Amino acid sequence: MANETVTLTNNADGECYELALRHGSLGPSAIDISSLYHDVGLLTFDPGFMATASCTSAITYIDGDRGLLLYRGYPIEQLAAKASFLEVAYLLLYGDLPNETALADFERVITTHTMMNENLKNFLNGFHYDAHPMAILCGVVGSLSAFYHDSIDINDPRHREISAHRLIAKLPTIAAAAYKHSVGEPIMYPDNSLRYAANFLYMMFATPCIAYKPHLLAEKALNLLLILHADHEQNASTSTVRLAGSSGANPFACIAAGIASLWGPAHGGANEAVLDMLMEIGDVVNVPKFVDKAKDKDDPFRLMGFGHRVYKNYDPRARITREMCHQLLDEIPDTRDSPLFELALRLEEIALSDEYFIERRLYPNVDFYSGIIYSALGIPCTMFTAMFAVARTVGWITHWMEMMSDPNNRIGRPRQIYQGPVARDYLPISKR
Ligand code: CMC
């Protein structure tokens, strides 16, 4: 490498400081400023972390300009076309694709953890019938730390692994139970003879009196969405999990923190917001009006499912979900929401030819089409973000494991530029 440092010059006093460059196996290099404050007495300022690498990681790589996404080096398109969700979960968690024996063992281990503790039902029953599933998920997942004292030593790698397995196995059960609670139906126990995605659909839609067999294409579509949402490097919720974990908090509390962060409409809540938006637009004739609203700086409205902090090209996941929408709506006769898909296609077409979106490089993201798939599967809008959370749990816990096994891990503690009052004396209340 030609020059391994960059020079920082303080124009106020002419002093120069050499800062080391850090390189990854792919992607831009980073200026190592970790000793800047110690050596120079200066902080860096980067609200929203637009140009900050917060850690080193070997899990997921995104090239936003090229629209490239790799899990442990494997292109998302190949995994989406060929893998099962648990195969991808294994890949993320352990770094390599499993062979047949390893996959069978992993599936067996995850399957043995799918039930939730019976006492958790008491937590669920404490929620109002119309509680948002994300509120339930956040609370119930956080409460798991009260149940698993046998595996909560975060300094023991085996305990960390058991917690990861428990979380991956139990999230679908808890999410489906949150749904059942909201519709007043009895919670369904998992059927461990089914694969991960099929089991999830079963727990959502079976009842003790109605047999349910998931449609194969529905299972395939859900398996696909779970894979596409499984990880996305240092996004807001993953960074939240890492920050919470950096203080030594237990994994269940950290994942609950990730769920809270995911909920926002700028992040995982966008899939629900897209469907709300499409329903509000209602008809293709209204599309131009909503595109104008999105461009109006005095109007807070944004085209949900459009734009991304990292992708300045078509999100590769959106291309895959768009294709799956076509397949589902063509092949499953009972999919009710094709008018919404037509509306989404028209909205995309108009936005992508509009100067405002072209200039800002705003393209559809993964959530633009995922909600249409979920509703075609009969999953209600309020569950969409919970579905995202089920998938992303794999990514969150993998990042937590990576961080916990890093000997250089230390508590995350950003600084600030203080702009409040300077030091002043306390005045007795009668003198204020
Ligand atoms: N509609 C209209 N204008 C937009 C949009 C949008 N969806 N997204 C960004 N812009 C404009 C924004 O107003 C700004 O314009 P200007 O330069 O004139 O001020 C410019 O594009 C850059 O936007 P930004 O807000 O500075 O970009 P960001 O990187 O901080 O935000 C984002 C990224 C995803 C939060 C944002 O694009 C957004 O709010 N999109 C809609 C919500 C959404 O779909 N979120 C899901 C993201 S993908 C799944 C996930 O990560 O969970």
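**Exercise 1.** In this predicted model, determine which polar backbone and side-chain atoms lie close to oxygen atoms of the ligand, taking 3.5 Å as the limit for a polar contact.

*Solution.* Begin with Gly305: a polar atom of the Gly305 backbone is 2.8 Å from an oxygen atom of the ligand. Next, consider Arg309, where a polar atom of the side chain lies 2.7 Å from a ligand oxygen. Finally, turn to Gly268, which places a backbone N or O atom 3.4 Å from an oxygen atom of the ligand. The protein as a whole covers 76% of the 940 Å² of accessible area that the ligand has on its own.

**Exercise 2.** Describe the residues that surround the ligand: how many are there, and how do they divide into nonpolar, polar and charged?

*Solution.* The shell consists of 21 residues. The closest of these are His267, Leu303, Gly305, Arg309 and Tyr356. Sorted by class, the shell contains ten nonpolar, six polar and five charged residues.

**Exercise 3.** Establish the order of the three strands in the open sheet, and explain why one side of β1 and of β3 has no neighbour there.

*Solution.* First, the order: the strands are arranged as β1-β2-β3, with antiparallel pairing. Second, the edges: β1 (5–9) and β3 (30–31) each have a single partner strand, so one side of each is left without a neighbour in the sheet. Third, the pairing of β2 with β3: β2 spans residues 16–22 and is joined to β3 by two bridges, the two strands running antiparallel. Across from Ala30 in β3 stands Arg22. In general, strands of a sheet pair through backbone hydrogen bonds.

Conventions:
Residues numbered from 1 in each chain as written. Predicted model: local features only at pLDDT ≥ 70, side-chain atom pairs only at ≥ 80, totals over all residues. Heavy atoms only, no water. Near = heavy atom within 4 Å. Polar contact = N/O pair within 3.5 Å; in protein donor to acceptor, adjacent residues only side chain to side chain. Areas by Shrake-Rupley, 256 points an atom, 1.4 Å probe, with all protein chains shown as cover. Nonpolar A, V, L, I, M, F, W, Y, C, P; charged D, E, K, R; others polar. Pairing = 2+ DSSP bridges. Helix = DSSP H or I, 4+ residues; strand = E, 2+ residues; numbered from the N terminus.
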